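Welcome to a short set of exercises on reading a protein model. Have the sequence and the structure open, try each task yourself, and then follow the worked solution.

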Amino acid sequence: MTPPDLVVANVAVPGRDGVWTLVCAAGRVLELLPNDPAAVFPEARVISGRGLLLLPAMTDAHTHLREPGQEWKEDIASGLSAAAGGGFSNILCMANTEPVNDNAAVTRLMLRRAAESWPHGPRLFPVGALTLGLAGKQLAPMEELLAAGCVAFSNDGEPVADTELFRHALAYAADLAPVIDHCEDPYMAKGAGANEGVMSARLGLRGQPDVAEALQVARDILLAEYLNAPVHLAHVSCRRAVELIADAKRRGAPVTAETCPHYLLMTDAALFGYDTMAKVNPPLRTDDDRLALVQALREGVIDILATDHAPHAAHEKETPFEEAKNGITGLDTALASLWELVRLGKLTPEDIALRFAWRPAEIFKLPHCRFAPGDPADFCLFDPEESWVVTTESLRSKGKNTPLLGQSLTGRVMLTVVDGHVVHELARPGA
């Protein structure tokens, strides 16, 4: 047996009583053992977990890393740095780069940049464009993209209005890889950035109704059922969509869905004062929508969490509301912000592991760690009591566009390991 080379002792494990020790070798889990202070591992690096939570490293199924073409917002190196600090081992990056990731050359460039900047992880998995140039007119060469390393296809940010084309896309991709759809009716206040309701009326902003999302969700569900072809619904934000997805799942439709931390934690009240940091697409909705999403995540109607990490430069947010770019950066803060729901008893640590680590990796067929012998050594140590302030300096992403700026969060990723390699380690005060 390969001798242990990495040991993390004295950790708490969600769903298990007592204190545990994780033993790894050659990038794999050997075993998870009840803690034994007398155990000796002479050839291994031994890390004291200090009673912190041992969590599986997470998979983010929805990020925008901007490279190639908009490296001044984010590049692959800075995005993966933020991912490491946030506790992620797998990152799916969307195709809306410049040029668009609709050909093998762009896919290979992304993978090469990742290997050059973060050779030991987090791992980058490109999402190929569903249509050429994201224009919604002609299907992209899916088999070419798949062969180059893409793991899914999406027109994210530019929903496909042509239902016949989208039908063919689902049918063609069914035997290749999942299709991720941005559900937004392209004619109903597209990309408005504010929910149509009391707050948008008070602020005098153009709003997008929740039905604009629900219409596209209903279309995708019907097509998926008709074709028996899977579809994954991106960044679900409203109760109407949740109800449609719940009904579809009761019928056995091949549909999965995601939501994001900001939809579980914030409402359109965050727009008060025309705060462009809270301008996102789909927009933040009402508290009723937020509560519906929390319940749907807990019950599995919403399958997974994803950040929809969308970094922008400062000048793109420091403008009048209607001119500001949509998007919130989330890799650095996702786990820490969500832990507020754990403290409130709305989610459990096991929910976080399932919805942000195991289930997304299953949907997109990616490596993940359940702490079973032979699993990849992908994990993080999380301190639920560590308080820190979200500042431009504390965010590793180039994008500082988050409504959390200046706020104090309680809970922080102290260590991230991918394939047995430490890719992030934060010294504890007094350690």
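**Exercise 1. Find the volume of the largest pocket, and say which residues lie closest to its centre and what classes line it.**

Keep in mind that this is a predicted model.

Step 1. The volume of the largest pocket is about 550 Å³.

Step 2. Its lining has 23 residues, and those closest to the centre are Arg66, Asn96, Gly157, His312 and Asn326.

Step 3. Sorting the lining by class gives 12 polar, 8 charged and 3 nonpolar residues.

**Exercise 2. Do the same for the second largest pocket, and work out which element gives the most to its lining.**

Step 1. Here the volume is about 280 Å³.

Step 2. Of the 18 lining residues, Ala177, Pro178, Pro230, Ile363 and Lys365 lie nearest the centre.

Step 3. Strand 11 (231–233), strand 12 (255–259) and helix 12 (349–363) each give two or more residues to this lining. Helix 12 gives the most, with 3 residues.

Step 4. By class, the lining of the second largest pocket holds 12 nonpolar, 4 charged and 2 polar residues.

**Exercise 3. Decide how many disulfides the model has, using cysteine 24 and cysteine 238 as test cases.**

Step 1. Recall the chemistry: a disulfide covalently links the sulfur atoms of two cysteines. The cut-off for the sulfur pair is 2.5 Å.

Step 2. The count is 0 disulfides. For cysteine 24, the nearest cysteine sulfur belongs to cysteine 369 and is 7.4 Å away. For cysteine 238, the nearest is that of cysteine 183, at 9.6 Å.

Step 3. Now look at accessibility, where buried means under 20%. Cysteine 24 has a relative accessibility of 1%, so this residue counts as buried. Cysteine 238, at 0%, is buried too.

**Exercise 4. Describe the aromatic pairs and say which parts of the chain they tie together.**

Step 1. There are 2 aromatic pairs in the structure. Phenylalanine 88 and phenylalanine 356 make an edge-to-face pair, with 5.4 Å from centre to centre and 80° between the planes.

Step 2. Phenylalanine 88 belongs to strand 7 and phenylalanine 356 to helix 12, so this pair ties together parts 268 residues apart in sequence. Phenylalanine 88 is buried at 0% relative accessibility, and phenylalanine 356 is buried with a value of 0%.

Step 3. Tryptophan 339 and phenylalanine 382 form a tilted pair, 4.6 Å centre to centre with 50° between the planes. Tryptophan 339 is in helix 11 (residues 334–343) and phenylalanine 382 in strand 14, so the parts tied together are 43 residues apart in sequence.

Step 4. Tryptophan 339 counts as buried at 4%, and phenylalanine 382 at 0%.

**Exercise 5. Check the backbone at proline 99, proline 122, aspartate 308 and phenylalanine 371.**

Step 1. The bond between glutamate 98 and proline 99 is cis, with omega about 5°. Proline 99 sits in the loop between strand 7 (88–93) and helix 2 (104–117).

Step 2. Glycine 121 and proline 122 are also joined by a cis peptide bond, with omega near 5°. Proline 122 is in the loop between helix 2 and strand 8 (123–129).

Step 3. Aspartate 308 has a positive phi, near 50°, and is buried at 6% relative accessible area.

Step 4. Phenylalanine 371 has a positive phi as well, near 65°. This phenylalanine lies in the loop between helix 12 and strand 14 (379–389) and is buried at 7%.

Methods: Residues are numbered from 1 along each chain as its sequence is written. This is a predicted model: local features need pLDDT of at least 70, side-chain atom pairs count only at pLDDT 80 or more; totals for chains, interfaces and linings use all residues. Side-chain values use heavy atoms; hydrogens and water are left out. Buried means under 20% relative accessible area, exposed over 50%, partly exposed in between (1.4 Å probe, protein chains only). On a 1 Å grid over the protein atoms alone, a cavity is a set of points where a 1.4 Å probe fits but cannot get out, and a pocket is an open set with protein on both sides within 12 Å along at least five of seven lines; lining residues have an atom within 4 Å of a point. Grid points are joined across faces, edges and corners, and a volume is the space filled by probe spheres set on the points. Ala, Val, Leu, Ile, Met, Phe, Trp, Tyr, Cys and Pro count as nonpolar, Asp, Glu, Lys and Arg as charged, and the others, Gly among them, as polar. Helices (H or I, at least four residues) and strands (E, at least two) are DSSP runs, numbered from the N terminus. Rings of Phe, Tyr and Trp (its six-membered ring) pair if their centres lie within 6.5 Å; planes under 30 degrees apart count as stacked, over 60 as edge-to-face and the rest as tilted.
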